[in-house]
Every structure is written in C-alpha cells, then in structure tokens.
Amino acid sequence: MLPDVAIQKQLIDHFSQYITDHKKQFIEKVLSERTRHITLVLEDVYQSQNASAVVRTCECLGLQDIHIIENDSQYSVNKKVLKGANKWIDLHRYKMKGFNNSEICFRQLKEQGYQIVVADPSPDGKSIYEIQTDNKLAIVMGSEHHGSSDFALAHADQRVFIPMFGFTESFNISVSAAICLNTLLSKVRDSNSTWQLTDREKETLRLQWYRKIVRKSDLIEREFLRHKVIL
C-alpha cells in the first residue's frame, strides 16, 4: 500500500483536472494566508445570527479553526448570514452531556500550545491593543446574555477588553470578534512569527477544498481509487 500522503497527492492531482486554473490559483492564495496561530472559542453563544456572523468573519480574516462550546446552548446557524463560510473552516464542537465542555476545550487548547485569552468588558484585564502575539492565542467569547463563564474567567491566562468611548458598555459579539481578531491578526502578519500553515496542513486542506468544489467528488474519488493499482 502507498502511504496516505502519497494517496492524498494522487487525489489532488486527479481532482485538479476538474478545477479551473483561476480557481486553483485563488485556493493557493487563500491557503497562503490561512493560520492556526490565532483561534476563536465561542462559549454558549445561543443566537444563530451571531454565531453565523462570527464564523463568517473568522473565515474572511483567514482563521482555520473555531472551537464551539455547548454547555447550555446548542450551536445553530443562519444560512443567510453564514454565506457558506463554514465550508472552508474547521469547526470543533464540545457538547458532551454531563461534562464541563469549557474545561475539555481549554485542556485541548493548552495541549496544542495555546494561551487562553478571555474577552471580558471589565477593565481588570488588558486592552486588546496591548496583547502580544508571539505565542499562539485562543480568544474566548462568552454568551450574549451572561458573557464568559466563571470557569473561563478563572482559568484564563489573560482577560482582555475592547476600550469603549460611548455610553453603551459592550459591542455585539460579532463586532467584538471582528475587532479582536483583526487587531491580533494584523500584528501576527506583520511579525516574524511562524503563523502560516505547514505544507502538510496545506496539502490536507487543499484536498478537503477540492472535494467541496468538484461536483460528485465522492463518486469520482471512489472510481479513481477502485481503478488505481496501489502497490
């Protein structure tokens, strides 16, 4: 048997004949700007339009991963707001009944080398404009009504707030996410950090996206593998 990496390359080459050069060039451009250096965590966001707007913002800004915690509220989407953005990113959902899904998510992120930064409107933390991006960061946004959970606030490496200059005490969650992510990603892209995906990660996403673009890709893939002599 050929190793999985070799099969993956063969499938990419096979699918490429069904995709225009223009579209392939666009895919490569997007891949070159994708990052896992920054990720976003949504904790019990219950309004579908808010969750969908955040997912769309993340995809537009070049994030590859979003982590969705569902302790009290189930993740749902508004397709009109989402505009298909979820097709191009990886959604990691934490929704085990009887468990603290925030704890499970935080533990996994820590194991992956992320520092946990929890958004909180109180001025006890740091301004988003003061946050350094040398290390991988996971930005946690809490629910629309209650904000971040007590667990999230207690186990954050850092609390962060967006400076306010009006009477209203907070932005909508999708606006907050856009401000925080755009601020941090601008710093990351201007830095010397290794923020881009690895070649192996790009290859995996390339195949994943090719499958989504090519019509009846599952049938084409099965037929290709069936006729392929694998030594």
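The legends below describe close-up views of a predicted model, taking a cavity and then several salt bridges in turn.

**View 1. The cavity and the residues that line it.** In this predicted model, the structure holds one cavity of 30 Å³ or more, and the volume of the largest cavity is about 40 Å³. Its lining is made up of L42, E43, D44, V45, A51, I68, I69, E70, S73, Q74 and Y75. Two elements, β1 (38-43) and β2 (65-69), are the ones that give two or more residues to this lining. When the lining residues are sorted by class, six are nonpolar, two are polar and three are charged.

**View 2. A salt bridge in helix α2, between D21 and K24.** Side chains of opposite charge can pair when their charged atoms come close. Here the side chains of D21 and K24 meet in a salt bridge, with a distance of 3.5 Å from N to O. Because D21 and K24 lie three residues apart in helix α2 (residues 21-33), they are separated by about one helical turn. Is D21 buried or exposed? With a relative accessibility of 53%, D21 counts as exposed, since the word is used for values over 50%.

**View 3. A salt bridge in helix α8, between E203 and R206.** The closest N and O atoms of R206 and E203 are 2.6 Å apart, and the two residues form a salt bridge. These residues are three apart in helix α8 (residues 199-213), and therefore about one helical turn separates R206 from E203. Both R206 and E203 are buried, a word that stands for a relative accessible area under 20%.

**View 4. A salt bridge in helix α9, between E223 and R226.** R226 and E223 form a salt bridge in which the closest N and O atoms are 3.0 Å apart. As in a view of any such pair, the positions along the chain are worth following: R226 and E223 are three residues apart in helix α9 (residues 217-227), so they are separated by about one helical turn. How exposed are the two partners? R226 counts as exposed because its relative accessibility is 59%, whereas E223, at 39%, counts as partly exposed.

**View 5. A network of salt bridges that share partners.** Which residues are joined into one network by salt bridges that share partners? They are K9, E28, E203 and R206, and the bridge between R206 and E203 has already been shown in View 3. For the structure, the count of salt bridges comes to 14.

Technical notes: Residues are numbered from 1 along each chain as its sequence is written. This is a predicted model: local features need pLDDT of at least 70, side-chain atom pairs count only at pLDDT 80 or more; totals for chains, interfaces and linings use all residues. Side-chain values use heavy atoms; hydrogens and water are left out. On a 1 Å grid over the protein atoms alone, a cavity is a set of points where a 1.4 Å probe fits but cannot get out, and a pocket is an open set with protein on both sides within 12 Å along at least five of seven lines; lining residues have an atom within 4 Å of a point. Grid points are joined across faces, edges and corners, and a volume is the space filled by probe spheres set on the points. Helices (H or I, at least four residues) and strands (E, at least two) are DSSP runs, numbered from the N terminus. Ala, Val, Leu, Ile, Met, Phe, Trp, Tyr, Cys and Pro count as nonpolar, Asp, Glu, Lys and Arg as charged, and the others, Gly among them, as polar. A salt bridge is a side-chain nitrogen of Lys or Arg within 4 Å of a carboxyl oxygen of Asp or Glu. Buried means under 20% relative accessible area, exposed over 50%, partly exposed in between (1.4 Å probe, protein chains only).
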